[in-house]
Amino acid sequence: MRFDHRHLLGIEPLRPDEITTLLDLADQYATYNRGRDKNAQALAGMTQINMFFENSTRTQASFELAGKRLGADVMNMAMQASSIKKGETLIDTALTLNAMHPDLLVVRHPHSGAVDLLAQKVNCAVLNAGDGRHEHPTQALLDALTIRRAKGRLHRLTIAICGDVAHSRVARSNLLLLHKMENRIRLVGPPTLMPAGIDAFGAEVYDDMREGLRDADVVMMLRLQKERMDGGFIPSEREYYHRYGLDAEKLSHAKPDAIVMHPGPMNRGVEIDGTIADDINRSVIQDQVEMGVAVRMAAMDLLARNLRARPKTVMV
Ligand code: NCD
């Protein structure tokens, strides 16, 4: 098994065979998670610290569960209550935590690049749980596993990623991963929500949902990220739903067996109709949550193997 990385900061540095290695291991953990006795020891003796500088429900909970199911000591830092509020810089906080000798540091931060910067200052393995609009690698990996299990393969699929692409680290990481695995990717949304130069990533861009969804195997919806907008991106939520919200009629343009995905949290009635989200014949949104725990277990297991293989160095 080859996964020669010290950190998991993004999809960008991963090779296709490394992605497959990680997904294969995650598949085993998905089976394991459905069993009653969850007492694996891959992270036994290790300390995992979760530092979330931005709100999170699914990602933080699943990283915590993943660590505990592998036998790690897991600590969640309450970043709202931490010294960051007193003006301590990110790097000072990281150095302080580093002095407590964690083995794994899971970090979410509102600024793109902040997690990479932090990884340069600590001597443990760092996992990016989402940095600004940049990357969210474990989300793309859990999406890939969900697709592979639902479709039986992860190549030569037509995948429509729809909505607020411009503000989405989920879209960016998915685009990188699905492109590496040789899928056909369509980005669908209003031009105001498409990042400049996006065609360079090898995706087709559509501003019409029906055209963008035509014969798609996978329809991946994105949350409208209002917190990252400073006004003027969409006329109104009603109008947005009318043109870009996924409802039964728009979905009928995709393949009859197309699956519907959403990373959560969902704005029902804004980017997706609630009945589509809840339709167990189409929606794999709950599978995504389930695969999230398995993928995070696999990622931490692989990084921990690399940690154990290297002599421990102490950074001063
Ligand atoms: C995403 C995120 O935080 O980037 N959510 C998640 O991790 N499940 C997507 C979002 O916030 O819309």
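This is a chat between a trainee and a mentor about a predicted model and its two sheets.

Trainee: Hi! What should I know about the model before I look?

Mentor: It is a predicted model, where local features need pLDDT of at least 70, side-chain atom pairs count only at pLDDT 80 or more, and totals for chains, interfaces and linings use all residues. Residues are numbered from 1 along each chain as its sequence is written, and side-chain values use heavy atoms, with hydrogens and water left out.

Trainee: Which domain does UniProt list for residues 157–302?

Mentor: The unreviewed UniProt entry gives "domain: Aspartate/ornithine carbamoyltransferase Asp/Orn-binding" for that range. UniProt positions are in the numbering used here, feature names are shortened, and annotations may be inferred rather than shown by experiment.

Trainee: And how much helix and strand is in there?

Mentor: Residues 157–302 are 35% helix and 14% strand, and the C-alpha atoms at the two ends are 28 Å apart. Helices (H or I, at least four residues) and strands (E, at least two) are DSSP runs, numbered from the N terminus.

Trainee: Let's do sheets. What is the order of the five strands in the open sheet?

Mentor: The order is β7-β6-β5-β8-β9, with parallel pairing. Two strands pair if DSSP finds at least two bridges between them. At the edges sit β7 (204–206) and β9 (259–261), each pairing on one side only. On average, neighbouring strands of this sheet are turned by 20 degrees against each other, direction ignored.

Trainee: What actually holds strands together in a sheet?

Mentor: Strands of a sheet pair through backbone hydrogen bonds, either parallel or antiparallel.

Trainee: Back to β5, then. Are its residues buried or exposed?

Mentor: Five of the five residues of β5 are buried, so β5 is largely enclosed by the rest of the structure. Buried means under 20% relative accessible area, exposed over 50%, and partly exposed in between (1.4 Å probe, protein chains only). T158, A160 and C162 point one way from β5, while I159 and I161 point the other way.

Trainee: Which residues stand opposite I161?

Mentor: In β6, I161 faces L187, and in β8 its bridge partner is M220. Five bridges join β5 to β6, and four bridges pair β5 with β8.

Trainee: Where does the chain go between β5 and β6?

Mentor: The chain passes from β5 through α6 to β6, in a right-handed β-α-β crossover. Right-handed means that, with the strands pointing away from the viewer, the path from the first strand over the helix to the second runs clockwise. Helix α6 (residues 169–180) lies across β5 (158–162), β6 (184–188) and β8, at about 170 degrees to β5. Axes are lines fitted to C-alpha atoms, for helices over the stretch in contact, and angles run from 0 to 180 degrees between N-to-C directions.

Trainee: New topic: where is D247?

Mentor: D247 is in the loop between α8 (237–244) and α9 (248–251). D247 is buried, with a relative accessible area of 19%.

Trainee: What does D247 touch?

Mentor: Not counting residues up to four places away in sequence, D247 touches Y241, D273 and I276. Contact means heavy atoms within 4.5 Å. A polar atom of the D247 side chain also lies 2.9 Å from the backbone nitrogen of K250.

Trainee: Last one: what is the order in the open sheet of four strands?

Mentor: That order is β2-β1-β3-β4, with parallel pairing. The edge strands are β2 (73–77) and β4 (125–131), and the twist averages 15 degrees from one strand to the next.

Note on methods: A polar contact is a pair of N or O atoms within 3.5 Å; within protein, one must be able to donate a hydrogen and the other to accept it, and residues adjacent in sequence count only if both atoms are side-chain atoms.
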